[in-house]
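Here are some notes to keep beside you as you look through this structure for the first time. Take the points in any order you like.

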Amino acid sequence: MKRVYEKPVINRINVGFANKVSGKAFYSSRVRDNIDGVPIEELVEKFGSPLFVFSERRLREKFRNFKRAFETRYPNVEFTWSYKTNYLKAICAILHQEGETAEVVSEFEYEKARRLGIPGDRIIFNGPYKPLPALERAISEGARINVDTFEELADIEEIAKKLGQKVKVGIRINMDTGIKPQWSRFGFNLESGQAEDAVKRIASSRWLELNGLHCHMGTFILEPKAYEIEVKKMVEFAYLIEDNYGYKIEYLDIGGGLPSKNRLKGIYLPPEVAVPDIEEYAERITTALLENLRPGDFPKLVIEAGRAIVDEAGFLITTVYATKRLPNGYRGYVLDAGVNILFTAFWYNFKVEVDRPLRGSPEPSILYGPLCMNIDVINDLEYLPPLPRGTRLILSPVGAYNTTQWMQFIRYRPNVVLIDLEGNVHLIREAEDIEDIEGKERLPDHLKLN
Ligand SMILES: Cc1ncc(COP(=O)(O)O)c(C=O)c1O
């Protein structure tokens with residue numbers, strides 16, 4: 001066999017611990033030539049690059065493991081799908097088939113859930129801005145509302161009067177659980193007494209009734225202990241309400257925020273080490289419940305987990321378009337996927353796999369997207385062997401927040417496919433074209449050029 005010349009690479013050693021990055025390790029652990037048995041090349045041939053690929057198998061497995069972790073520890077749990085995390089119909093439908101209700105934060109998310117066939121009483125309506133018509137519809141269809149502001153309470157009171165019926169509400173509260181920065185802009189603050197003021201406001205109205213508490217602390221929370229504190233404070237507040245205001249708190253909604261196995265920028269340990277398992281969260285949360293609830297009292301535990309369920313079910317296939325040597329010696333690659341479709345690249349360095357074994361020593365590399373914008377960086381430091389033009393990279397996990405937060409900016413958004421349990425590939429969102437970009441635009445007559 002003819003030996004191919006391999007150019008030597010000299011890497012500057014920066015101060016720090018040695019690591020085990022070597023060509024060999026790369027070959028063995030980073031080659032992925034298929035997703036759920038479907039060859040990468042076949043996917044690209046049929047659906048183009050870049051391409052989002054979701055695995056139905058992984059999604060169902062992830063949800064079932066998550067569900068099992070909680071249901072084996074506490075008798076009354078509701079899992080509700082956070083639409084904003086991923087509201088592709090096919091993804092929501094899978095999770096609804098698995099038994100999840102819908103958690104929405106806008107009228108259009110609400111409409112999406114209704115169109116999928118979810119009845120109002122299986123929808124939880126959250127968020128700081130609920131326009132009156134949306135609120136009215138949700139209430140008349142029996143949706144559960146977690147109130148965020150005093151203004152919203154007044155709006156609901158008016159709706160209740162109009163409907164001639166008392167309306168049950170939950171309130172969103174925020175609190176110090178040790179997580180920094182504290183998300184104090186949503187709901188009513190517990191420690192300042194504002195949350196109790198909201199209870200008093202409800203108690204002063206003959207149109208309102210309080211039956212639930214909601215708290216969503218933040219996202220990608222790596223500290224299970226924070227949930228323990230959250231749950232304890234929620235239970236204590238629920239009993240203060242029951243004892244002093246006579247309302248039975250029927251549900252404790254702890255929000256989402258549980259992490260996926262993704263690599264947050266700045267954390268150099270691999271996610272397998274840095275991210276605690278879901279079992280640990282489940283154990284802390286349910287132990288805090290059982291230790292603090294009164295005997296025989298099992299209010300519904302509602303969990304709105306988003307990224308922990310869907311992130312790892314999503315991959316993005318992208319292709320190397322060009323490469324160049326940067327002045328600092330690093331290698332830069334231009335890919336066909338950028339932050340326009342991978343919004344979460346601002347916070348995470350994804351796992352990078354390649355579709356074929358590669359020659360050469362790994363060297364520090366930066367993955368850029370195709371946008372003519374300096375911020376378009378997908379991974380800011382990866383040790384990769386030289387990637388020839390046309391190499392497919394498979395980035396993961398990318399199932400959470402990307403196909404909702406992606407932007408219609410400079411480039412069309414690509415196809416999204418789902419691989420079902422039998423290995424069949426379904427197009428679940430078609431790539432955009434010029435009609436999608438211009439369809440809603442209007443050009444005044446006096447500006448027409450021909
Ligand atoms: C109210 C609420 N619930 C649930 C979620 C889902 O969060 P995560 O994806 O971190 O689990 C969010 C996301 O921001 C949220 O705002």
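**Notes on the predicted model**

1. A good place to begin is Phe54, which stands opposite Leu418 in β19. Please keep in mind throughout that this is a predicted model. Phe54 has a partner on another strand too: in β13, its bridge partner is Gly314.

2. Now widen the view to strand β3, residues 51–55. Four bridges join β3 to strand β13 (residues 314–325), and this pair runs antiparallel. Four bridges also join β3 to strand β19 (residues 416–419), but here the two strands run parallel.

3. Is β3 enclosed or open to the outside? Five of its five residues are buried, so the strand is largely enclosed by the rest of the structure. Leu51, Val53 and Ser55 point one way, Phe52 and Phe54 point the other way, and all are buried.

4. Just before this strand there is a backbone detail to look at. Ser49 and Pro50 are joined by a cis peptide bond, with omega about 0 degrees. Pro50 sits in the loop between α2 (40–47) and β3.

5. Strand β18 (residues 392–396) invites a similar look. Five of its five residues are buried, and the strand is mostly covered. On one side are Arg392, Ile394 and Ser396, on the other Leu393 and Leu395, and all of these are buried.

6. Which strands pair with β18? One is β13, joined to β18 by four bridges and running antiparallel to it; in this pairing Leu316 stands opposite Leu395. Another is strand β15 (residues 351–354), again with four bridges and an antiparallel run, where Val354 stands opposite Leu393. If you trace β13, you can therefore reach both β3, through four bridges, and β18, through four bridges.7. On a broader scale, the protein chain is divided into domain 1 (23–54 + 312–432) and domain 2 (127–303). Taken over C-alpha atoms, the centres of the two domains are 37 Å apart. Six residues from domain 1 and six residues from domain 2 make the contact. On the domain 1 side, the touching residues divide into four nonpolar, one polar and one charged.

8. The largest nonpolar core has 108 residues, and those touching the most other members are Val53, Ile123, Ala138, Ile171, Leu213 and Leu252. Helix α9 (residues 224–245) gives the most to this core, with seven residues. Where does the core lie relative to the two domains? Both domain 1 and domain 2 give residues to it, so the core lies between them.

9. Ile171 is a handy residue for exploring that core. Setting aside neighbours within four places in sequence, Ile171 is in contact with Asn146, Val147, Gly187, Phe188, Ala195, Ala198, Leu210, Leu213 and His214. Leu213 is also among the core residues that touch the most other members.

10. Next comes the ligand. How many residues surround it? There are 17, and the closest are Ser82, Thr219, Gly256, Glu304 and Gly306. By class, this shell holds four nonpolar, nine polar and four charged residues.

11. Tyr247 is found in the loop between α9 and β11 (251–253). With 18 C-beta neighbours inside 10 Å, Tyr247 counts as partly exposed, because a buried residue needs 20 or more. Leaving aside neighbours within four places in sequence, its contacts are Glu209, Leu210, Asn211, Ile241 and Glu242. Tyr247 and Gly218 lie 29 residues apart in sequence, and their C-alpha atoms are 27 Å apart in space.

12. There is a cis peptide bond between Lys180 and Pro181 as well, with omega about -10 degrees. Look for Pro181 in the loop between β8 (167–174) and β9 (188–189).

13. Finally, two residues other than glycine deserve a look for their positive phi values. For Asp36, phi is near 50 degrees; Asp36 is in the loop between β1 (34–35) and β2 (38–39) and, with 18 C-beta neighbours inside 10 Å, counts as partly exposed. For Ile410, phi is near 70 degrees; Ile410 belongs to the loop between α13 (402–405) and β19, and is partly exposed, with 13 other C-beta atoms within 10 Å.

Key. Residues numbered from 1 in each chain as written. Predicted model: local features only at pLDDT ≥ 70, side-chain atom pairs only at ≥ 80, totals over all residues. Near = placed C-beta within 6 Å. Nonpolar A, V, L, I, M, F, W, Y, C, P; charged D, E, K, R; others polar. Domains from an automatic or database assignment. Contact = placed C-beta atoms within 7 Å. Buried ≥ 20, exposed ≤ 12 C-beta atoms within 10 Å, placed from the backbone. Pairing = 2+ DSSP bridges. Core = buried A, V, L, I, M, F, W, Y, C linked by C-beta atoms within 7 Å.
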